[in-house]
Amino acid sequence: MSEGGAQSIREIFAPFAHPDDPGWTEMPDWADVDDRRRRQRAENIAIGEGTDVIPIATTYTLDEMLEKFVFIRDGSQVAPIDRPLGALALADFRNTMAASKHWFEKDGKKTSVPTVKCWLESPKRLEADSLTFRAGGEKLTANPFDGGRSLNLWAGYFRSEPPADWKERALPFVEHIQWLWGDDAPKFLDWLAHIEQSPGIMPHYGWVHISRQHGKGRNWISSVLTRVWSGYVGASLDLAPILERKFNDGISRKILAIVDEINEGGNASYRHAQALKQVVTEEIRHVNPKYGRKRHEYNHCRWLIFSNHTGALPLTDEDRRFWVVSHDGAPKDGAYYSRLYGVLADRDFIMSVAEFFRQRDISHFRPGEHPPMNAAKAELVAFSQSEDDVILKDVAAHWPVDLILSHELEHVLGDGGAKRPAARHAMDRAGLRKLPRKIKFFEHGAQNVYAIRNFEQWASANAEQQRDHISSILPLEKTKCLETAE
């Protein structure tokens, strides 16, 4: 124990030290731990983005160039048909291919012109209107926006053969998932295997994993998945610019997006939740990269969100976008994580996890299944609800008539009533909709009217019909209904 009774960082981590373990390195200072985590996430991002071979200054014959390269009309780009991420502007392609010459005889003399010139003028040149992304699709596919012919940025998985003992080698990953996901582990493993086997078919839900303690190895899971699907994973995503519709190239051509340690509380939480709903469920994605040309892609991106907070995302009872799981308990000992990170650099281990996904029987998996309201999700939903949400949920469930007046809302919501921005958002979440016209209501004067149910019916009704419906129940009886609900 250090001076003053406070434990030093090294004393705190002493129980995890195993100097006899050959894979163990001495526990670094806390600053070094943070630095390692940052470097690892940066590495995951790079691996998740993948690398593609940009054509180098080598030589191609005209026939080879006609076979290997596609002219993209949008922006006058040129891309290798087998590695389309290597797309170049036509001017850059000319310079890259300057060494390639097409030789022919003219007036009895051997002469040459740039092969690019012959390729560009050839009627046999491969062409596409644009670039897109369609997981599992053909090299040339329909553009999701206008139906034109697009070169597909999906190039498949580039892997070596798995080892014969892949089942045993994949066990550290499988067992780690079983520990962190508990009873939901089989469903999560099916969900991951579905990415491998059917990348172009979108499940209707993603995953939120909540753990109130750091250091359980969830970042290691990200590291494994970015290596299994290298080039197609958005790792350690910064959600804010994506949800604010600034730049979304981080989820372009991705089949999996991983968000670390999200905590979307605060004033922007519900606005971001609605934006995330659109990002997750949209069928066609308009990609707005920070650098480069805009394009349209098919949305095949699943979401895996990690958080150390119960209020990770504000979800409602009806939300069907996320399967929520929570893990309690302390991290395992240092030797356990030393072994996990020891196999991460083993290519055979990564190939084994990929083979585990490829061969897993998911015939029973239903991509359109709705996540259950389990205990973890119920806790998240309850945490997400404001006082206005709770009150208006009771109003929506127990108010004895379909319509409610603005002065009645002020009574149940307190000062400001529906005029408060937070209350208006809560009303929207509870399904209350303002009718197009105010009505004069006895001593209360002109009042806004909100439909709790049957909006279309009451929006087309006249003022007298609305007044009659509101007056059919006495105010005291309405108050009693809410008191009973409480």
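A residue counts as buried when its relative accessible area is under 20%, as exposed when that area is over 50%, and as partly exposed in between (1.4 Å probe, protein chains only). By that yardstick aspartate 107, at 74% relative accessibility, is exposed. Before going further, a word on the source: this is a predicted model, where local features need pLDDT of at least 70 and side-chain atom pairs count only at pLDDT 80 or more, while totals for chains, interfaces and linings use all residues. Residues are numbered from 1 along each chain as its sequence is written, and side-chain values use heavy atoms, with hydrogens and water left out.

Now for the overall picture. The protein has 486 residues, and 47% of them count as buried. Its backbone holds 20 helices and 21 strands, where helices (H or I, at least four residues) and strands (E, at least two) are DSSP runs numbered from the N terminus. The surface that the protein exposes comes to about 25000 Å², with carbon and sulfur atoms supplying 51% of it; such areas come from the Shrake-Rupley method with a 1.4 Å probe, and for residues only the protein chains shown count as cover. Contact means heavy atoms within 4.5 Å. Take the contacts between residues at least 6 apart in sequence: 70% of these join residues at least 24 apart.

Two helices show what being covered looks like. In α9 (residues 218-228), where arginine 227 sits, eleven of the eleven residues are buried. Arginine 227 itself is buried, with a relative accessible area of 16%. Setting aside neighbours within four places in sequence, arginine 227 touches Glu43, Asn44, Ile47, Leu344 and Ile350. Helix α8 (residues 185-197) is mostly covered too, with eleven of its 13 residues buried, including Phe188, Trp191 and His194. From first C-alpha to last, α8 reaches 18 Å, close to the 18 Å expected at 1.5 Å a residue; the expected span is 1.5 Å times one less than the number of residues.

Next comes a pair of helices that cross. The axes of α15 (residues 387-398) and α17 (residues 421-430) come within 9 Å and cross at roughly 40°. Here axes are lines fitted to C-alpha atoms, for helices over the stretch in contact, and angles run from 0 to 180 degrees between N-to-C directions. That crossing angle makes α15 oblique to α17, because angles under 35 degrees count as roughly parallel, over 145 as roughly antiparallel, 65 to 115 as roughly perpendicular and the rest as oblique. On the α15 side the contact involves Asp388, Asp389, Leu392 and Ala396, and on the α17 side the residues include Ala422, Met427 and Arg429.

Finally, the loops. Most residues other than glycine have a negative phi. Aspartate 107, in the loop between β4 (101-106) and β5 (109-114), has a positive phi, near 55°. Asparagine 454 also has a phi near 55°; its place is the loop between β21 (449-451) and α18 (455-459), and asparagine 454 is partly exposed, with a relative accessible area of 44%. Serine 252, in the loop between α10 (239-243) and β12 (256-259), is buried at 3% relative accessibility. Beyond its neighbours within four places in sequence, serine 252 is in contact with Val287, Arg295 and Glu297.
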